[in-house]
Amino acid sequence: MAEPDKWSRWLAETRFGGDQKAAEVQLHHLKLLRKRLLKKAGLGEGKVVLDVGAGEGLVGFGALELVGATGRVIFSDISEPLVEFTRSAAEQMGVLDRCSFVTARAEDLSAVESESVDLVATRSVLIYVDDKPRAFREFFRVLKPGGRTALFEPIDDQRMTEYSEYWRRRAWVDPDSKEGAPVKDLLERLDDHWEKRYGHVNEAMLNFNERDLVMMSIVAGFAAVHTELDLGAGPMPPMKWDTLMKSSGNPLIPTNGEVIREVFSAEELARFEQHLRPVVERGGNLWRAHGSFTWAFKAPIPAKPFPEEP
Ligand SMILES: C[S@@+](CC[C@H](N)C(=O)[O-])C[C@H]1O[C@@H](n2cnc3c(N)ncnc32)[C@H](O)[C@@H]1O
């Protein structure tokens, strides 16, 4: 049994901050997203799906339900413990005979034969890949003629938000507001520390947008691409302080609690918590989300690529 790594630990624990209720809410939203992604994936009886960066199998197990008794899903991931996770989940579900498992990077899928799959699916994987054009070339290579991709990626590039710092700093409390004033010094130090210590970690997440994904598809050889942008902003939902402290935004960074403990003294931590706990727990201020769906077609393009809307 492979030891847990940063990817498997994040998916199992830190993305939800160990909060069962928060996990249920997020998983509900993820299943809706998966439904939207797979609706335009062209799946049906006998299709072969490659889930790249499958994680715990959210997309792959959803796809398996759409490919009938003769269809197959290949679960691939960079993380050995996650590949093992999907294997034992498939065993428990009694679907092992229709699944295979590959430990591989999106940029090097040489374990998967050329022109062997009908669909390459990913969700929130390319954000961790530095050489995205190479991953697209691999997606193109493994697809059969007439196959397609179904990708969902968060879009966090600064060209789109224009003020990534604005979002980050003001998500909970604006340091320049009356509410933020008592902890303005702490928020600013936290921001500086964040930028110096972890700013570079997010490079692969920030250096592209939905148009780049379209262009990368075309450059890799795809004959047609359709993309849908998904943008939302609204009040930040209430969150337990402990959940916030035990969670992290992605697998490459420590939890929020670990980051603030790197910066503040015990006295500063107490001031920070005393002031911000009620803000976090009542919700409010800005929450935002953006992502994009990308379906790219390897020729020949089907006459009716997507199901008719009712
Ligand atoms: C945010 S998780 C998404 C997991 C899954 N696709 C889902 O929808 O729940 C990111 C996944 O990408 C995997 N990953 C990270 N870098 C990768 C790479 N270069 N190639 C393949 N998988 C990668 C991680 O191990 C993790 O499973």
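Strand 5 (residues 143–154) and strand 7 (residues 286–297) run antiparallel and are joined by five bridges, and within this pair Arg148 stands opposite Phe297 of strand 7. Strands and helices are DSSP runs numbered from the N terminus, with E over at least two residues for a strand and H or I over at least four for a helix, and two strands pair if DSSP finds at least two bridges between them. The model is a predicted one, in which local features need pLDDT of at least 70 and side-chain atom pairs count only at pLDDT 80 or more, while totals for chains, interfaces and linings use all residues. Residues are numbered from 1 along each chain as its sequence is written.

The pair belongs to an open sheet of seven strands in the order 3-2-1-4-5-7-6, with mixed pairing. Strand 3 and strand 6 (224–235) stand at the edges with a single partner strand each, so one side of each is left without a neighbour in the sheet. From one strand to the next the twist averages 15 degrees.

At one end of that order, strand 2 (residues 72–77) pairs with strand 3 (residues 99–103) in the parallel sense over five bridges, and Val73 has Cys99 in strand 3 as its bridge partner. Between these two strands the chain passes through helix 4 (residues 80–93), in a β-α-β crossover that is right-handed, a term used when, with the strands pointing away from the viewer, the path from the first strand over the helix to the second runs clockwise.

Two helices that lie across strands of the sheet are set out below; the angles run from 0 to 180 degrees between N-to-C directions, and the axes are lines fitted to C-alpha atoms, for helices over the stretch in contact. Contact between two residues requires their C-beta atoms, placed from the backbone, to lie within 7 Å.

| Helix | Strands crossed | Angle |
|---|---|---|
| Helix 5 (residues 132–142) | strand 1 (48–52), strand 4 (117–123), strand 5 | about 145 degrees to strand 5 |
| Helix 10 (residues 210–220) | strand 5, strand 6, strand 7 | about 165 degrees to strand 6 |

Two backbone details lie outside the strands. The peptide bond from Ala299 to Pro300 is cis, with omega near 0 degrees, and Pro300 lies in the segment after strand 7. Glu115, in the loop between strand 3 and strand 4, has a positive phi of about 50 degrees although it is not a glycine. Most residues other than glycine have a negative phi, and most peptide bonds are trans.

The protein is divided into domain 1 (1–155 + 208–233 + 289–310) and domain 2 (156–202 + 238–283), with bounds that come from an automatic or database domain assignment. Their centres, taken over C-alpha atoms, are 31 Å apart, and the contact takes 15 residues from domain 1 and 12 residues from domain 2. Helix 1 (residues 6–14) gives four residues, the largest share of the side of domain 1 that touches domain 2.
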